[in-house]
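Colleague: I should like to learn how to read a ligand site and a pocket in a model. May we go through them in order?

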Amino acid sequence: MNTETFQTPKGVHDILPQEHEFYTFIKKVVRHRARQSGYRRISTPIFEFTEVFKRSIGNDTDIVTKEMYTFEDRKGRSLTLKPEGTAGVVRSYIQHNMATWPQPVELYYIEPHFRYERPQKGRFRQFWQYGFEVIGESDPAIDAQLIYVSLKILEDLGLAQKCELHLNSIGCMAKNCRPKFVEDLKNYYIGKERSMCAECQSRLHKNPMRLLDCKEEDCKILAELAPKLSDYLCKECKEFHEQLIDLLGEMNITYTPNAKLVRGLDYYTKTVFEFVEKGDDRAMNSLFGGGRYDGLAEILGATEPVPGIGFAAGIERIVDLMKREGVTVPSKDALHVFVAQLGYEAKKKCIPLLAQLREAGVKAVGALGKGAIKHQLRLADRFEVPYTILVGITEVREGTAIIRDMKRGSQKVVKFDDVLEEIKKLIGEEELDTYTPGEVLY
Ligand code: HAM
């Protein structure tokens with residue numbers, strides 16, 4: 001016999017039922033806040049043509065050079081598991097001609113993503129994100145409102161006090177804006193290679209802006225004295241950012257200006273922001289990240305400029321912080337009733353009873369195999385039900401059932417035909433898990 005057992009591959013994890021209670025709660029909060037502001041849900045495929053990500057995220061970024069799960073299909077076409085959501089959503093906007101919809105188009109998603117990263121705390125190879133994108137218009141008021149929604153979600157999750165918003169503008173591609181800054185930044189670093197980590201040495205010519213957010217001590221010192229992007233912003237970018245700051249003030253949103261926040265994806269222009277855990281000085285693990293991407297649609301083939309902005313949050317990181325902060329989530333999984341039976345005649349009566357209980361919204365499980373009543377009661381305890389219904393040979397003969405209150409250890413005999421009503425009364429109408437067809441459950 002082959003005794004080999006399997007574990008999940010490195011960097012991926014099962015989401016077990018108790019974990020799913022958090023996921024369900026987060027999804028509910030996200031859907032609620034999305035609906036309130038007119039966002040509608042989108043799902044793009046798990047994989048896209050590799051080119052969609054290469055062009056969007058940028059050929060020299062860490063994601064594209066090191067982290068993509070890329071494979072060929074049977075016809076030799078290169079496909080990639082999505083490492084992030086924005087590229088696919090913008091591709092979809094163009095493909096489905098969403099420019100003809102009322103603008104801006106507001107979309108959100110809750111999806112798994114895949115990056116071949118070095119697994120560590122808060123960093124997985126498959127991870128879930130919820131993300132919001134506003135596509136089709138550019139105005140600081142849009143940025144402010146998106147940030148507001150992202151903050152409201154954090155509040156609903158009980159985490160707002162634990163996080164802080166970092167904000168920056170990384171300018172645009174106009175010659176006198178970011179390109180001029182990048183040129184001066186390179187010149188500043190050239191000649192200092194020996195004080196830079198190996199990673200930064202290779203970034204210097206490929207992706208110089210990332211030199212600013214390196215976490216190595218020596219590189220951090222160099223970054224402190226480097227040219228500041230805020231001194232290079234063109235008039236339009238500067239005004240845009242000032243207005244955003246003004247509007248955030250109007251909405252009482254506090255933020256930390258962070259000149260070193262550049263983000264790891266190439267498509268950003270102007271506004272970039274991240275939410276990080278307070279006290280996480282190394283800011284290794286942002287909870288959310290986002291920004292404006294006014295040039296992305298054209299890179300993906302749009303014939304007209306289509307501005308956009310969005311953010312995405314890592315659900316694993318959020319769950320981790322909720323747990324560390326002791327945030328509890330309501331669970332609908334708790335069972336009401338355990339049905340224990342003895343003998344085949346009792347089983348025949350209990351199967352329809354279970355169905356009736358469930359139809360009425362009583363969450364019920366039953367021991368329908370063999371086993372002594374004592375054993376079944378122990379099982380009922382482990383399911384942590386408040387009530388157990390017992391039907392044995394005597395009860396079948398007499399047309400009764402026993403309802404046992406598991407906490408008190410007391411029990412009473414009721415007519416079998418009255419069991420359902422009795423149990424409903426004990427549990428209470430508002431506790432019943434009923435569903436009216438057509439009702440929106442989330
Ligand atoms: P990102 O900063 O790469 O941005 O990821 C957003 C969030 O996803 C991070 O803040 C983090 O919480 C989570 N995350 C990223 N990588 C991992 C990982 N390996 N394991 C666990 N969690 C992770 C984006 O993905 C952009 N598409 C965000 C955006 C939307 N920008 C505009 N629209």
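Modeller: We shall take the ligand first and a pocket afterwards. Please note that this is a predicted model.

Colleague: Which residues are the closest to the ligand?

Modeller: One begins with the shell of residues around the ligand. Here 27 residues surround the ligand, and Glu-84, Glu-117, Phe-124, Tyr-268 and Ser-286 are the closest. By class, 11 are nonpolar, nine polar and seven charged.

Colleague: Which polar atoms of the protein lie by the ligand, and how much of the ligand is covered?

Modeller: A polar contact is a pair of N or O atoms within 3.5 Å. For Phe-124, a backbone N or O atom lies 2.8 Å from a ligand nitrogen. Arg-263 places a polar side-chain atom 2.9 Å from a ligand oxygen. At Gly-310, a polar backbone atom is 3.5 Å from a nitrogen of the ligand. Of the 660 Å² of accessible area that the ligand has on its own, the protein covers 96%.

Colleague: Which elements give two or more residues to this shell?

Modeller: They are β6 (126–135), β10 (286–292) and β11 (308–314). The largest share, six residues, comes from β10.

Colleague: What lines the second largest pocket?

Modeller: For a pocket, one reads the volume and then the lining. The second largest pocket holds about 380 Å³ of space. Its lining has 22 residues, with Met-173, Arg-178, Asn-207, Met-209 and Asp-266 nearest the centre. At least two lining residues come from each of α6 (178–189), α7 (198–206) and α10 (296–299), and α6 gives the most, with three. The lining divides into 12 nonpolar, five polar and five charged residues.

Conventions:
Residues are numbered from 1 along each chain as its sequence is written. This is a predicted model: local features need pLDDT of at least 70, side-chain atom pairs count only at pLDDT 80 or more; totals for chains, interfaces and linings use all residues. Side-chain values use heavy atoms; hydrogens and water are left out. A residue is near a molecule or strand if one of its heavy atoms lies within 4 Å of it. A polar contact is a pair of N or O atoms within 3.5 Å; within protein, one must be able to donate a hydrogen and the other to accept it, and residues adjacent in sequence count only if both atoms are side-chain atoms. Accessible areas come from the Shrake-Rupley method with a 1.4 Å probe; for residues, only the protein chains shown count as cover. Helices (H or I, at least four residues) and strands (E, at least two) are DSSP runs, numbered from the N terminus. Ala, Val, Leu, Ile, Met, Phe, Trp, Tyr, Cys and Pro count as nonpolar, Asp, Glu, Lys and Arg as charged, and the others, Gly among them, as polar. On a 1 Å grid over the protein atoms alone, a cavity is a set of points where a 1.4 Å probe fits but cannot get out, and a pocket is an open set with protein on both sides within 12 Å along at least five of seven lines; lining residues have an atom within 4 Å of a point. Grid points are joined across faces, edges and corners, and a volume is the space filled by probe spheres set on the points.
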